[in-house]
Amino acid sequence: METGLSVASTSPLGWKLPRISRSIGYCAGVLALSLCAFSAVGAVWGLLRPELTGHAAKDGGYVLDTVDNVEFTSFITFTLITGAMAMVLALVTYVRAPRLHSAAMIYWLGVVALAATAAFYVIGGVTATHVPADPGEVVHFVPTFSPGVAWGVAPFLAMFSYWSALFINKETEEVAPR
């Protein structure tokens, strides 16, 4: 596993520029691609989250018409989508970077999945509809929710998927030359 920096080229001003190793570049690429993918899917998720609908009451305030528990629906879809995406992230990383199979990559995927889950949540919250500042007769909005324990689902599934792939293919890797 390559690590560290080596001096490889010079800038137009004559400065020596460090060359980033292939493994560090790959890990940075995994982070960047994950943040972009999770953000894009999070934006769509925010647009598709179920809304609460309220009608103005005679004595002031609003009466909610929605029977469904939209907070739970948002919570479970958040958990399932980020968990599935984290598993795909881990397995694609496993297949695409056989030289980087290590415990360090397991931990890195956990960090990447957590950061990507945060991006998913933030972007999804931005694209969801909010309570209007000047409500009328009928109000439509998506309530906020706190992921709580769901923050740990995607990192756990990413790390577990990668570890499982390493464990299952252990015999194959020992036979194959690197």
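Me: Before anything else, what does contact mean here?
Reply: Contact means that heavy atoms lie within 4.5 Å. Please also keep in mind that this is a predicted model.

Me: Ok, how many helices and strands does the protein have?
Reply: The protein has 5 helices and 5 strands, and read along the sequence these follow the pattern β-β-α-β-β-α-α-β-α-α.

Me: And what share of the residues counts as buried?
Reply: Of the 178 residues of the protein, 33% count as buried. As for how the chain meets itself, if you take contacts between residues at least 6 apart in sequence, 72% of them join residues at least 24 apart.

Me: Let's look at H1. Which of its residues are buried?
Reply: The buried residues of H1 are Ser23, Cys27, Val30, Ser34, Phe38, Ser39, Gly42, Trp45 and Gly46, and what covers them includes helix H2 (70-96) and helix H3 (103-127).

Me: Many of those numbers go up in threes and fours, so what is the general rule for an α-helix?
Reply: An α-helix has 3.6 residues a turn, so residues three or four places apart point the same way.

Me: What span should helix H1 have, and how far apart are its ends?
Reply: Helix H1 covers residues 22-48, and because its 27 residues should span 39 Å at 1.5 Å a residue, the 39 Å between its end C-alpha atoms agrees with what is expected.

Me: Switching topic, which residues line the largest pocket?
Reply: The lining consists of Tyr26, Gly29, Val30, Leu33, Ser34, Ala37, Phe38, Met85, Val88, Leu89 and Val92. The elements giving two or more residues to this lining are H1 and H2, with H1 giving the most, at 7 residues.

Me: How much space is in there, and what classes of residue line it?
Reply: About 200 Å³ of space lies in the largest pocket, and its lining has 9 nonpolar, 2 polar and no charged residues.

Me: What about the largest nonpolar core, how many residues does it have?
Reply: That core has 18 residues, and the ones with the most contacts inside it are Met105, Leu109 and Tyr162. At least two residues of this core come from each of H1, H2, H3 and helix H4 (153-168).

Me: Which residues does Leu109 touch?
Reply: Leaving aside residues up to four places away in sequence, Leu109 touches Val30, Leu89, Ala90, Thr93, Ala158 and Tyr162. There is also a second, separate core of 8 residues, which includes Phe38, Phe78, Phe120 and Phe145.

Me: Now Leu114: why does it count as partly exposed?
Reply: Leu114, which lies in helix H3, counts as partly exposed because its relative accessible area of 41% falls between the 20% and 50% cut-offs. Beyond residues up to four places away in sequence, Leu114 touches Trp151 and Pro155; Pro155 is 41 residues away in sequence, yet the two are 5.5 Å apart in space, C-alpha to C-alpha.

Me: Last one, is Ser164 buried or exposed?
Reply: Ser164, in helix H4, is buried, because its relative accessible area of 17% is under the 20% cut-off. Ser164 and Leu91 are 73 residues apart in sequence and 9.5 Å apart in space, C-alpha to C-alpha. The buried residues of H4 also include Ala154, Pro155, Ala158 and Tyr162.

Definitions and conventions: Residues are numbered from 1 along each chain as its sequence is written. This is a predicted model: local features need pLDDT of at least 70, side-chain atom pairs count only at pLDDT 80 or more; totals for chains, interfaces and linings use all residues. Side-chain values use heavy atoms; hydrogens and water are left out. Helices (H or I, at least four residues) and strands (E, at least two) are DSSP runs, numbered from the N terminus. The expected span of a helix is 1.5 Å times one less than its number of residues. Buried means under 20% relative accessible area, exposed over 50%, partly exposed in between (1.4 Å probe, protein chains only). On a 1 Å grid over the protein atoms alone, a cavity is a set of points where a 1.4 Å probe fits but cannot get out, and a pocket is an open set with protein on both sides within 12 Å along at least five of seven lines; lining residues have an atom within 4 Å of a point. Grid points are joined across faces, edges and corners, and a volume is the space filled by probe spheres set on the points. Ala, Val, Leu, Ile, Met, Phe, Trp, Tyr, Cys and Pro count as nonpolar, Asp, Glu, Lys and Arg as charged, and the others, Gly among them, as polar. A nonpolar core is a set of buried Ala, Val, Leu, Ile, Met, Phe, Trp, Tyr and Cys residues joined through side-chain atoms within 4.5 Å.
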